[in-house]
Amino acid sequence: MAERTWWRLGWRNLGRNRRRSVITAVALAVGYFSVVVLVGWWDGVVVEMINNGTGILTGQLQLHDAEYLPDRSVYRTLGGDAGVDVPALLARVTADPAVAAAAPRVYGGGLVSSGAATAAAAFLGVDPDLEPHVSRIMSTLTDGRVPARGAKELLIGSEMARILGVKPGEQVVVVAPAVDGSMGNDLFIVSGIFATGMADLDRTFALVPIDALQALMVLDSGRVHEIAAAVPNPWNAPQAAARLDSVLAGTTPPLAVESWTSLRPELVEYAQLSESFNWVLLVIIFGMAIFGVANTMLMSTFERRREFALLLALGSLPNGIVRSVLYEAIALGAIGLLAGAVVTLPVLVWWHHAPPDLSRFVGDFTMAGALVRPVLRVEYPWSMMVEAAVALFVTAALAAVYPAIRASRVAPADTLSGR
Amino acid sequence: MVGLLLAASVHAASAQESARDIVDRVDRLLRGNSSRGTMRMDIVTVHWSRSMEMRIWSLGTKYALIRVTAPQKDAGTATLKAGTDIWNYLPRVDRTIKLPPSLMSASWMGSHFTNDDLVKESRMIDDYDITIGFDGERDGVEVWEFVLVPKPEAAVVWGKVVEQVRKRDLMPLWANYYDDRGELARTLRFEDFRTMGGRLVPAKMVVLPADKPGESTTITYADLEFDVPLDPSFFSLRRLQRDAGSD
């Protein structure tokens, strides 16, 4: 018989017990739906983790003096003791096509005292106009306002505010060792309080206008420790870093450009871990489906053993029978995939734009040091949608192999005579 | 470090004295009842160097007050130690700050001493098991070298301390401080042994941090008086803020 005929035979056989065929196809469809949606959810969590891990403070790209990390010595400013032309350097960084914005930063360590209590602090000198384009830390303001350029004001974390017992508008003493060896100290006003939800940031960080921190630490206006840049698609950051690295090569003292993937390797590792977990999920779900489909196929071929016997008796080759059963399974897979896709795609679109918000039931949590909201926003798992479709067909075909072989081996005489 | 000023009178050591007794003697040499003096602190780092002059008062191991008198920019800055607490007075903003525990291991006044060095008040023999690592002549001087290993329950930051003591007058010559992993963290050198306030003391003390070659902090005492009449009430926050006439 021709190939077409075996296909038609396989297809028509699906209609012989429609209810059973529908149930099996639904099982495959549910498997497809589960894999794709679960992976989409998980991708959403990873994207949120990366966005928060890099977007709250780190930025997706950072420029330092080559010796600045990991010790973060306050003396290691960009361009050494002479400093750099900060606006010009910012312009060169933002000229990269992947970079949306850049902002200069100065870091210092010291303490903040309200008189009644004193807390160790990590001072971050920021440009109040540029910083919001690079990081979201200033937009997590819960009380008061952000510090004004040039003013002796600071924005502190909620936990530090609690330890110090201060509210916006109150005066604190700020002490920070200066680069000339003296002990910089001055009175500052708490302009506002931020809450990122990250315990470390909220307890230790204090944001100060960059010029005010430079004055306190006896740094010239050209001396900054870092230029942080925003790359809207975080996965483009490594290439952007490489491009900037070659653009800025030859600067003395040398600069180092690093993307979040090297600054926050734990985030990359987590993303990779979750990717391999996706494969485990795929194998488990379709591995279970194989047995369901195999069971159905075994039953339907057993019921049809007399037909197979007749076909063999009429001179069909066992090979053809194997094919008709395999084609039947593949057709079943096609129906399952169609049903699965019809259900999955709208759900993906829906949960991408209006994700289920579980924050009523669970609070925010941190993953690899990054904050994640319990909002199950799915990312479109394009490659997994294809991979799951392939897995679905492979499942259907694999499940049919054993029933097909058995069908092709029925003994015609015995079966037809009812023995 | 404050303890260094607090010398007690020393008798020549007899050879029969145990290592423990000698270390305790040296330890007590650096402590005492009360003292008053002036000192200079020279800090050298690879980025900057600076000198400060200070007045210092101490009572036992519990109380100390140190006030910067020069340079003008820092004059009036003062540190008060009472028990395990440290307060700093900042004249520029006229505020007193109590140091949080998390900053105990941070640098004191930009020097290579830590705040912890200021507050440490337990005796060496209580915290360390002591053995003699060397007994004999080094560079023509009869010395002992004591190896101090912290007792399991001792709350100390060092993994090991080796201290060289001159037999002749029981003056410490140097001490090496090792971290938990057995790596040298810093060296303390004692120099310029002079009689001050009626006692033989090392008038100069140099700290050499092992991880920062080329950097040092040197403390040189200009004058010292011992067993001066001081009362715990002297070491008050009010005194910390008062600029003149503290003595």
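Good morning. Of the 247 residues in chain B, 33% are buried. I should say at once that this figure, like everything that follows, comes from a predicted model.

Let me stay with chain B for a moment. Its secondary structure consists of four helices and 13 strands. As for how the chain is connected, consider contacts between residues at least 6 apart in sequence: within chain B, 46% of these join residues at least 24 apart.

Next, the confidence of the prediction. The average pLDDT of chain B is 85, and 89% of the residues score at least 70. Residues 1–16 of chain B, however, have a pLDDT below 50. In the model, this stretch nevertheless makes 40 contacts beyond near neighbours in sequence, and I would ask you to view those contacts with the score of the stretch in mind. For the model, the ipTM is 0.79 and the pTM is 0.75.

I turn now to the contact between the two chains. Chain A contributes 18 residues to it, and chain B contributes 19 residues. Which elements of chain A give two or more residues to the side that touches chain B? They are four strands of chain A: β2 (101–113), β3 (118–126), β6 (171–177) and β7 (183–194). Of these, β7(A) provides the largest share of that side, with four residues.

Finally, the composition of this surface. On the side of chain A that touches chain B, 10 residues are nonpolar, six are polar and two are charged.

That concludes my presentation. Thank you for your attention.

How values were computed:
Residues numbered from 1 in each chain as written. Chains lettered and ligands numbered in written order. Predicted model: local features only at pLDDT ≥ 70, side-chain atom pairs only at ≥ 80, totals over all residues. Buried ≥ 20, exposed ≤ 12 C-beta atoms within 10 Å, placed from the backbone. Contact = placed C-beta atoms within 7 Å. Nonpolar A, V, L, I, M, F, W, Y, C, P; charged D, E, K, R; others polar. pLDDT = per-residue confidence, 0-100.
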